[in-house]
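Below is a short note for a colleague who has not looked at this entry before. The points take up the strands first and the helices afterwards.

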Amino acid sequence: MTDLQFLSIIIRFVSDGLLTFFFFWKLKDISKLRSLLGLLCFIPTCILFVPSSLAVYPDSAFLRYIIRAFSVFAYLLVVKRGGKRVLLYDSLLFCLCLTLCHNLFMTPFLSELRNVNITVSGSPLIDMLFARMVEYLITGLIIWGCASLFHIQDIVDVGWLRLGICLLMAIINILVKHILRMTYNSSPSANIFPLFISLVTLMILLSTEYYMNSVQKNYQVRMALAVQRNQYNALKTTVKLDENTRRLRHDMKNHIIALRAMVNEPDKLNEYLNDIYRDLDSPMYGIRTGNSLLDALLEQKYQFALSKKVKVTYNIDFSNVSFLRDFDLNTIVGNALDNAIEAAAEVPDEEKRTVVFKSAWKADMLILKFDNHYFHEPEIRDGIFVTRKRDNDLHGYGMKNIRKAAERYGGNVVQEILSDKLFRLVILLPSKE
């Protein structure tokens with residue numbers, strides 16, 4: 001290997017690393033230290049840039065794609081926040097865009113540029129630097145365009161269909177690249193074909209992303225409206241309780257006079273006290289968690305549980321929790337309690353119609369636990385437990401929304417089946433404070 005070839009390898013390795021960083025820069029980093037450690041994930045890609053004449057060079061286009069995709073996926077797992085399936089999709093998408101660029105550089109003119117078969121000066125070093133500069137300038141513009149069009153920072157959930165389409169497009173482009181590499185040696189003028197293939201696969205992917213994003217946005221709008229309704233109902237509950245309290249305080253003087261008059265009539269006194277108690281309309285009035293929105297939400301969920309004849313117990317303290325957005329807090333607690341109450345309401349034994357909600361801190365981790373008994377065995381979809389609901393359109397979305405909200409904070413969701421048909425949902429939320 002000559003010094004010029006070694007320098008070319010270094011330039012291509014560094015340039016590919018910069019392209020990767022540029023493509024994913026809008027994704028949130030976990031920490032600066034992990035960003036530095038993530039650079040080690042690109043070491044296996046060094047083998048992709050050695051001359052093809054060397055024995056260590058992977059001659060298979062599929063093997064080269066796997067090496068690159070594995071390195072990029074490992075980098076994203078170490079450095080970026082997000083679910084594993086989303087990060088896998090992002091890595092495949094980047095490698096596909098890079099493969100499209102490589103296919104483009106197998107066209108007659110650009111292949112000469114990639115192979116440094118051009119002369120701009122009498123110095124091979126200057127010719128090589130010029131060729132690499134133009135090559136990665138064009139590649140960088142394409143990668144920037146793809147990153148802008150795909151909006152990878154907005155991708156929060158990826159289904160198997162979406163992942164499969166991306167993988168299929170990648171396989172097609174790898175096959176094209178392999179065929180055209182063989183064709184190039186015999187007929188370079190025929191290699192305008194990759195440009196057409198690249199454009200077609202890019203259009204298919206963009207159409208898929210546009211459709212998926214439209215579906216996701218419509219779903220997000222529906223969920224935002226559902227959360228707003230939830231907050232509105234919680235607010236109505238709080239207002240109603242406040243009105244009852246103010247009314248009771250206003251009448252307190254008269255009540256005291258009446259109670260004094262009934263001291264010697266215990267039956268009438270008990271009946272009168274029961275009337276006052278019922279008038280409060282909420283035995284749980286006075287919940288204080290340290291978060292006013294959560295107080296209102298728990299009041300509403302308590303009333304919902306009463307209507308289902310389910311006993312709810314809270315043991316939580318949110319006075320020191322400020323890193324959670326109200327929207328995410330509402331999503332997590334609201335959906336978790338809805339699922340728990342609905343499952344517990346189906347239990348025939350009224351003594352086991354219970355829901356327990358606890359919170360605790362462990363180091364810098366906020367832990368939320370929801371326990372409830374159940375009667376019907378929970379259904380498993382996409383690796384998560386879902387409740388049995390009449391509304392098929394929203395079937396399982398509550399748990400998915402909990403998982404998405406937790407992942408926004410780098411958290412995790414654990415679902416367990418305990419003894420005696422007891423279900424436990426544990427949500428782990430690292431504090432950003």
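1. The model is a predicted one. A convenient place to begin is the pair β2 (residues 354–362) and β3, which run antiparallel and are joined by eight bridges. Within this pair, S359 faces L368 of β3.

2. Strand β3 (residues 365–373) also pairs with β7 (residues 422–430), again in the antiparallel sense, here over nine bridges. L368 appears in this pairing too: its opposite residue in β7 is I427. L368 thus stands opposite S359 of β2 and opposite I427 of β7.

3. Strand β7 pairs in turn with β6 (residues 412–418), antiparallel, through seven bridges. Here V414 stands opposite V426 of β7. The hairpin of β6 and β7 has three residues between its strands, and D420 takes a positive phi near 55° in that hairpin.

4. How are the five strands ordered in the open sheet? The order is β1-β2-β3-β7-β6, and the pairing is mixed. The edges are β1 (311–315) and β6, each of which pairs on one side only. Ignoring direction, neighbouring strands of the sheet are turned against each other by 15° on average.

5. Two helices should be read together with the sheet. Helix α10 (residues 292–307) lies across β1 and β2, and runs at about 155° to β1. Helix α11 (residues 326–345) packs on the sheet and touches β1, β2, β3 and β7. The direction of α11 makes about 20° with that of β3.

6. Elsewhere in the numbering, helix α1 (residues 3–23) packs with helix α4 (residues 84–104). Their axes are 11 Å apart and the packing angle is about 130°. Why is α1 called oblique to α4? The reason is that the angle of about 130° is neither over 145 nor within 65 to 115 degrees, and it is not under 35 either, so the pair falls in the remaining class. The crossing of α1 and α4 is right-handed.

7. Which residues make the contact of these two helices? On α1 they are D16, L19, T20 and F23, and on α4 they are D90, F94, C97 and L98. Sorted by class, the contact of α1 with α4 has five nonpolar residues, one polar residue and two charged residues.

Terms used:
Residues numbered from 1 in each chain as written. Predicted model: local features only at pLDDT ≥ 70, side-chain atom pairs only at ≥ 80, totals over all residues. Heavy atoms only, no water. Pairing = 2+ DSSP bridges. Helix = DSSP H or I, 4+ residues; strand = E, 2+ residues; numbered from the N terminus. Axes fitted to C-alpha atoms, helices over the stretch in contact; angles between N-to-C directions. Contact = heavy atoms within 4.5 Å. Left-handed = near helix turned anticlockwise from the far one by under 90°. Nonpolar A, V, L, I, M, F, W, Y, C, P; charged D, E, K, R; others polar.
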